[in-house]
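Q: I would like a close look at a single part of this model, described in the context of the whole chain. Please keep the account plain and connected.

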Amino acid sequence: MGDVNQKNHLRIQLSATRRGARLARLLTERQLDEWGVPFETAAQVVAELASNAVLHGYVRGRDFRLGLRLRDDGTLRIEVTDARGDRVPCVKDPEDGEAETGRGLLIVAAYAHRWGVDEAPAHAKTVWAELAPGRGKT
């Protein structure tokens, strides 16, 4: 498990398991507390993205990566990279009672100032969200 922790930046690789997803949330809470940033909303966004990485981005033998960066303007960028670049997430219509997945992204979309998906090396993808100061509880 490699981790790079510079001032206002954290990057860590975690096992693509439910335990790894829980650890991502706990590490986010701890890191943001250390930075003096409220963490309730950010921890919820990380929980959703990490859970999605484990459930929908899992490839045997591959981990997922969590990245946090606190910018000078107070914006927090959350990045979760998983091994399934071929499975791009999308927000499901909340009125669609048949949808079994995609509801967690509604939470991400509600809390984030903006969010998206980028292609990552080795056929992976990075789902990111930016939480602006003063929007929600950060």
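In what order do the elements of the chain run from the N terminus on? And, for the close look, which strands pair with strand 4, and in which sense?

A: The model is a predicted one. From the N terminus on, its elements follow the order β-β-α-α-β-β-α-β-β, which comprises three helices and six strands. The chain has 138 residues, of which 41% are buried. Among its contacts with a separation of 6 or more, 59% join residues 24 or more positions apart. The chain exposes about 8100 Å², and carbon and sulfur atoms supply 46% of that area.

Strand 4 covers residues 76-82, and six of its seven residues are buried, so the strand is largely enclosed by the rest of the structure. Strand 4 pairs with strand 3 (residues 64-70) in the antiparallel sense, over six bridges. It also pairs with strand 6 (residues 124-131), again in the antiparallel sense, over seven bridges.

On the strand 3 side, arginine 77 of strand 4 is the bridge partner of arginine 69. The two strands form a hairpin with five residues between them. In the turn of this hairpin, glycine 74 has a positive phi of about 95°. Threonine 75 also belongs to the loop between strand 3 and strand 4. With a relative accessible area of 10%, threonine 75 falls under the 20% limit and is therefore buried. Beyond four places in sequence, threonine 75 touches Arg69 and Leu70, as well as Glu130, Leu131, Ala132 and Pro133.

On the strand 6 side, valine 80 stands opposite valine 127. Strand 6 also holds tryptophan 128, which counts as buried because its relative accessibility is 9%. Leaving out residues up to four places away in sequence, tryptophan 128 touches Arg77, Ile78 and Glu79, and also Arg114, Trp115, Gly116, Val117 and Asp118. With one of these, aspartate 118, the tryptophan 128 side chain makes a side-chain polar contact at 3.3 Å. The C-alpha atom of tryptophan 128 is 9.5 Å from that of valine 46, although 82 residues separate the two along the chain.

Strand 4 also contributes to the largest nonpolar core, which has 30 residues. Leu76 and Ile78 are among the residues with the most contacts inside this core, along with Leu49, Phe64, Leu66 and Leu68. The elements that give two or more residues to this core are strand 2 (9-14), helix 1 (18-35), helix 2 (40-56), strand 3, strand 4, helix 3 (103-111) and strand 6. Helix 2 gives the most, with seven residues.

The contacts of isoleucine 78, apart from neighbours within four places in sequence, include Ala42, Val45, Val46 and Leu49. The same residue is in contact with Leu66, Gly67 and Leu68, and with Val127, Trp128, Ala129 and Leu131.

Two loops elsewhere hold residues other than glycine with a positive phi. Asparagine 8, in the loop between strand 1 (3-6) and strand 2, has a phi near 65°. Alanine 122, in the loop between strand 5 (114-120) and strand 6, has a phi near 60°.

How values were computed
Residues numbered from 1 in each chain as written. Predicted model: local features only at pLDDT ≥ 70, side-chain atom pairs only at ≥ 80, totals over all residues. Heavy atoms only, no water. Buried < 20%, exposed > 50% of the residue type's maximum accessible area, 1.4 Å probe, protein only. Helix = DSSP H or I, 4+ residues; strand = E, 2+ residues; numbered from the N terminus. Pairing = 2+ DSSP bridges. Contact = heavy atoms within 4.5 Å. Areas by Shrake-Rupley, 256 points an atom, 1.4 Å probe, with all protein chains shown as cover. Polar contact = N/O pair within 3.5 Å; in protein donor to acceptor, adjacent residues only side chain to side chain. Core = buried A, V, L, I, M, F, W, Y, C linked by side-chain atoms within 4.5 Å.
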